[in-house]
Amino acid sequence: MNDILKGFLTILLSAAVPAGIGMGVGAALGGLDGLWIGALIGGVPGLLYGLEAGILLAYDLGTGRGWLEILVDLTWSLPNTLFGLIFGNAIYVFVGSPSRERSRGQGWIVFMPPATKTSGFGVDVLQTLGSVNLGGRGAHEHVHLLQARIFGPLFLPIFGLNYVVNFLLQGLFTITIGAILKAAGARDTAWFRPPGTSVVPGFFGWIYAATLFEIWAYATE
């Protein structure tokens with residue numbers, strides 16, 4: 001399959017599948033009016049995602065793997081895909097630009113910082129939101145893409161809840177037992193320290209590193 005056809009099919013599928021899902025949900029909730037509203041709500045962001053993924057040839061639709069990836073991203077993992085489309089593009093455009101070389105056939109959209117940037121966000125600190133990535137595969141970024149595809153609509157709620165729980169645990173420990181131990185000289189910080197492999201240091205480092213999905217991802221390195 002040539003690149004033009006791959007790109008066209010990516011755009012077509014990305015617009016049609018979310019539009020169809022939106023039509024179904026809209027019709028169930030609001031009848032005929034809801035059907036067309038749902039088509040717009042699903043189809044417009046789907047088309048935008050398809051244009052980006054299609055131009056970058058992110059999905060290798062010449063293989064079964066590529067078809068499976070795009071169908072999962074447009075159905076079961078659609079909330080994660082749209083989350084990445086909105087927030088990934090909104091954030092990463094200030095750090096780098098979409099890379100066809102890193103995206104082509106890899107099943108995700110990759111932003112890369114300019115070659116002149118040698119450290120920081122996008123170089124030392126990579127990130128993946130849904131199927132939109134900054135900085136490439138790194139040591140475990142592709143694992144987050146797999147996690148999103150496995151857990152689908154549960155992925156973001158689980159991640160969010162895990163952050164809330166970790167923040168509460170870190171905060172309570174810091175202002176109670178941790179503060180006492182630090183005052184007694186038994187600890188050099190009042191908070192839980194993150195492992196040395198964590199890219200996020202300090203108070204928030206443990207909150208980040210102790211989330212279930214990050215523990216899983218770091219364990220693959």
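The legends below describe an overall view and several close-up views of a predicted model.

**Figure 1. Overall view of the predicted chain, with nine helices and four strands.** From the N terminus on, the order of the elements is α-α-α-β-α-β-β-β-α-α-α-α-α. The C-alpha trace spans about 65 × 45 × 30 Å along its principal axes. Of the 221 residues in the chain, 45% are buried. Among contacts with a separation of 6 or more, 61% are made by residues 24 or more positions apart. The accessible surface of the chain amounts to about 11,300 Å². Carbon and sulfur atoms account for 74% of that accessible surface.

**Figure 2. Close-up of the open sheet, built from four strands.** The strands lie in the order 1-2-4-3, and their pairing is mixed. Strand 1 (97-98) and strand 3 (127-129) are the edge strands, each of which pairs on one side only. Strand 2 (residues 109-112) and strand 4 (residues 132-134) run parallel and are joined by three bridges. Within this pairing, Ile-109 is found opposite Val-132 of strand 4.

**Figure 3. Close-up of two helices that pack on the sheet, helix 1 and helix 3.** The strands in view include strand 2 and strand 4, which three bridges hold in a parallel pairing. Helix 1 (residues 3-56) touches strand 1 and strand 2. The direction of helix 1 makes about 75° with that of strand 2. Helix 3 (residues 78-92) touches strand 2, strand 3 and strand 4. For helix 3, the angle of about 140° is taken with the direction of strand 3.

**Figure 4. Close-up of the salt bridge between Arg-104 and Asp-3.** Side chains of opposite charge can pair when their charged atoms come close. In the pair shown here, the closest N and O atoms of Arg-104 and Asp-3 are 2.8 Å apart. The salt bridge links distant parts of the chain, as its two residues are 101 residues apart. Arg-104 belongs to the loop between helix 4 (100-103) and strand 2, whereas Asp-3 belongs to helix 1. Arg-104 counts as partly exposed because its relative accessibility is 37%. Asp-3, with a relative accessible area of 31%, is likewise partly exposed. The whole structure holds six salt bridges.

**Figure 5. Close-up of a salt-bridge network that joins Arg-65, Glu-69, Asp-73 and Arg-149.** One of the pairs in view is Arg-65 with Glu-69, whose closest N and O atoms are 2.7 Å apart. Arg-65 and Glu-69 are separated by about one helical turn because they are four residues apart in helix 2 (residues 64-74). Arg-65 is partly exposed, with a relative accessible area of 43%. Glu-69, by contrast, is buried, with a relative accessible area of 10%. A further salt bridge is formed by Arg-149 and Asp-73, with 2.8 Å between the closest N and O atoms. Arg-149 lies in helix 5 and Asp-73 in helix 2, so this pair ties together parts that are 76 residues apart in sequence. Arg-149 and Asp-73 are both buried. The four residues form one network through salt bridges that share partners.

**Figure 6. Close-up of Val-143, a residue of helix 5 (residues 141-151).** Val-143 counts as buried because its relative accessibility is 15%, which is under the limit of 20%. Leaving aside residues up to four places away in sequence, Val-143 touches Trp-216, Ala-217 and Thr-220. Leu-47 lies 96 residues from Val-143 along the chain, and the C-alpha atoms of these two residues are separated by 26 Å.

**Figure 7. Close-up of a nonpolar patch on the surface.** The patch is formed by Leu-161, Val-164, Val-165, Phe-167, Leu-168, Leu-169, Leu-172, Ile-175 and Phe-204. Together these residues have about 900 Å² of accessible area. Helix 6 (residues 155-175) gives the most to the patch, contributing eight residues. Among the patch residues, Leu-172 has its place in helix 6. Leu-172 counts as exposed because its relative accessibility is 52%, which is over the limit of 50%.

Definitions and conventions:
Residues are numbered from 1 along each chain as its sequence is written. This is a predicted model: local features need pLDDT of at least 70, side-chain atom pairs count only at pLDDT 80 or more; totals for chains, interfaces and linings use all residues. Side-chain values use heavy atoms; hydrogens and water are left out. Patches are made of residues with over 30% relative accessible area and no salt bridge: like charges are joined within 9 Å, nonpolar side chains (Val, Leu, Ile, Met, Phe, Trp, Tyr) within 5 Å. Accessible areas come from the Shrake-Rupley method with a 1.4 Å probe; for residues, only the protein chains shown count as cover. A salt bridge is a side-chain nitrogen of Lys or Arg within 4 Å of a carboxyl oxygen of Asp or Glu. Buried means under 20% relative accessible area, exposed over 50%, partly exposed in between (1.4 Å probe, protein chains only). Two strands pair if DSSP finds at least two bridges between them. Contact means heavy atoms within 4.5 Å. Axes are lines fitted to C-alpha atoms, for helices over the stretch in contact, and angles run from 0 to 180 degrees between N-to-C directions.
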